[in-house]
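Open the model in your viewer and keep the sequence panel beside it. The stops below say what to select and what is found there.

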Amino acid sequence: MRGCEEVKGKEEKMNAKSGKGFGILVTFCAMFLFWLLLSGIFDALHVGAGIICSAIVALISHDLLVKEKGEKMLSKSFGFFIYLGWELWQIVLANFDVAYRVLHPKMPIDPLIIEFDTSLRSDFALVTLANSITLTPGTITIDIKDGKFWVHAIAKKPADALLVDKTMQKKVADVFMEW
Amino acid sequence: MVIIDVIVILLLAAGIFFMFTGVIGLLRLPDFYTRLHATGKCDTLGEVLIIAGLLLYHLFVYSPGAELSVKLVPVKLIFLIIFIFLANPTATHAIMKAAYKTGLKPWKKGDARM
């Protein structure tokens, strides 16, 4: 039993080590690409300075960008991009919704504040859901505490979309694998 | 090139329309929270549509035959779009939370305008 635990501990250490190298590499590539695209000058001095700066940033702050193992992160970011496409469509719908409510002579609004719980816990998932709620039709996030959301809805219908259908919560939970 | 001009003008016009609805919402809606609904959403899409129009125009009118640093301007515009998508809802949420913590009562149907 004890031996088993020791092996497990060793494995975790190994994973952490390879995860660290992967994190530094990903951060370095992202920073360097960012540098090249923003500078647009490709002589030795500027590119060299870019390499040095990206390396320093990657060494110091790699744990901000990459926290987990490579494969999990890749599949998560793939799911995230698919989610972004759906989200863009929701934003367009949200704008037509607001335009309709604002330009309608009688202004069909009936604001209410709702609360609901989610299973999400990681910061990035919570931020994604909060910003999605703010950008989708008729709802704005007021506050989050331990996965509990307070949301201001402009009418009954958009509030029901969050309380009853829960499509958005399900989609975000699928992307971040936090059911 | 006429097609590009038409698409760019349509994008700019759509952007201006949504910004305009945002302003009308700011003036017409009854209280602080509902006004944030208008500004938070319409500004995001309006700005993004305007930037997308500029991006297309730059890509097809300025970029061919230009220097590399001029050709990279669309990349910066894309960064701008990403930043707006991140920053706009976050700022809206921060203002909303501040108002809620201060104890500002939300408007209910039937109340007088605030």
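**Chain A: the overall layout**

From N to C terminus, the elements of chain A run α-α-α-β-α-β-β-α-α. That is 6 helices and 3 strands. The model is a predicted one. Colour chain A by burial: 26% of its 179 residues are buried. If you draw its contacts with a separation of 6 or more, 68% of them join residues 24 or more positions apart.

**Stop 1: A:Ser54**

Select A:Ser54, which sits in helix α2 (residues 44-65) of chain A. Is this residue buried or exposed? A:Ser54 is buried, because 20 other C-beta atoms lie within 10 Å, and the cut-off for buried is 20 or more. Beyond its neighbours within four places in sequence, A:Ser54 has contacts with A:Phe28, A:Met31, A:Phe32 and A:Trp35. Now add A:Ile24 and draw a C-alpha to C-alpha distance from A:Ser54: the two are 10.0 Å apart in space and 30 residues apart in sequence.

**Stop 2: the largest nonpolar core**

Next, select A:Leu120, A:Ala125, A:Leu129, A:Val151 and A:Val172. These are the residues with the most contacts inside the largest nonpolar core, which has 21 residues. Which elements give two or more residues to this core? In chain A they are α4, β2 (139-145), β3 (148-153), α5 (156-165) and α6 (167-176), and chain B adds its α2. The most comes from α4(A), with 5 residues.

Centre the view on A:Val151. Leaving out residues up to four places away in sequence, A:Val151 touches A:Ile114, A:Ile133, A:Thr139, A:Ile140, A:Thr141, A:Ile142 and A:Leu162.

A second core, separate from the one above, has 13 residues. To find this second core, select A:Ala94, A:Val98, A:Val102 and B:Val48, which are among its members.

**Stop 3: where chain B meets chain A**

Show both chains and select the residues in contact between them: 32 residues of chain B and 28 residues of chain A. On the chain B side, the elements that give two or more residues are α1 (2-28), α2 (32-62), α3 (68-71) and α4 (73-102). Of these, α2(B) gives the most, with 10 residues. Colour this side of chain B by class and you get 16 nonpolar, 10 polar and 6 charged residues.

**Stop 4: B:Leu45**

Stay on helix α2 of chain B and pick B:Leu45, which lies in it. B:Leu45 is buried, since 28 other C-beta atoms are within 10 Å. Setting aside neighbours within four places in sequence, B:Leu45 is in contact with A:Ile91, A:Val92 and A:Asn95 from chain A, and with B:Phe18 from chain B. Add B:Ala13 as well: its C-alpha atom is separated by 12 Å from that of B:Leu45, and the two are 32 residues apart along the chain.

**Stop 5: helix α4 of each chain**

Hide everything except helix α4 (residues 123-135) of chain A and α4(B). Their axes come within 9 Å and cross at roughly 85°, so α4(A) and α4(B) are roughly perpendicular to each other. Show side chains for the residues that make the contact. From α4(A) these are A:Ala130, A:Asn131, A:Thr134 and A:Leu135, and from α4(B) they are B:Pro89, B:Thr90, B:Thr92 and B:His93. By class, this contact has 3 nonpolar, 5 polar and no charged residues.

**Stop 6: helix packing within chain B**

Two packed helices are described by the angle between their axes and the distance between the axes. Begin with α1(B) and α2(B), whose axes come within 8 Å and cross at roughly 165°. The pair is therefore roughly antiparallel. Look at how α1(B) passes α2(B): the crossing is left-handed. Their contact has 18 nonpolar, 7 polar and 3 charged residues.

Then swap α1(B) for α4(B) and keep α2(B) in view. How are α2(B) and α4(B) packed? Their axes are 10 Å apart, at an angle of about 175°, so α2(B) is roughly antiparallel to α4(B). The contact of α2(B) with α4(B) divides into 19 nonpolar, 5 polar and 2 charged residues.

Notes:
Residues numbered from 1 in each chain as written. Chains lettered and ligands numbered in written order. Predicted model: local features only at pLDDT ≥ 70, side-chain atom pairs only at ≥ 80, totals over all residues. Contact = placed C-beta atoms within 7 Å. Helix = DSSP H or I, 4+ residues; strand = E, 2+ residues; numbered from the N terminus. Nonpolar A, V, L, I, M, F, W, Y, C, P; charged D, E, K, R; others polar. Axes fitted to C-alpha atoms, helices over the stretch in contact; angles between N-to-C directions. Parallel < 35°, antiparallel > 145°, perpendicular 65-115°, else oblique. Left-handed = near helix turned anticlockwise from the far one by under 90°. Core = buried A, V, L, I, M, F, W, Y, C linked by C-beta atoms within 7 Å. Buried ≥ 20, exposed ≤ 12 C-beta atoms within 10 Å, placed from the backbone.
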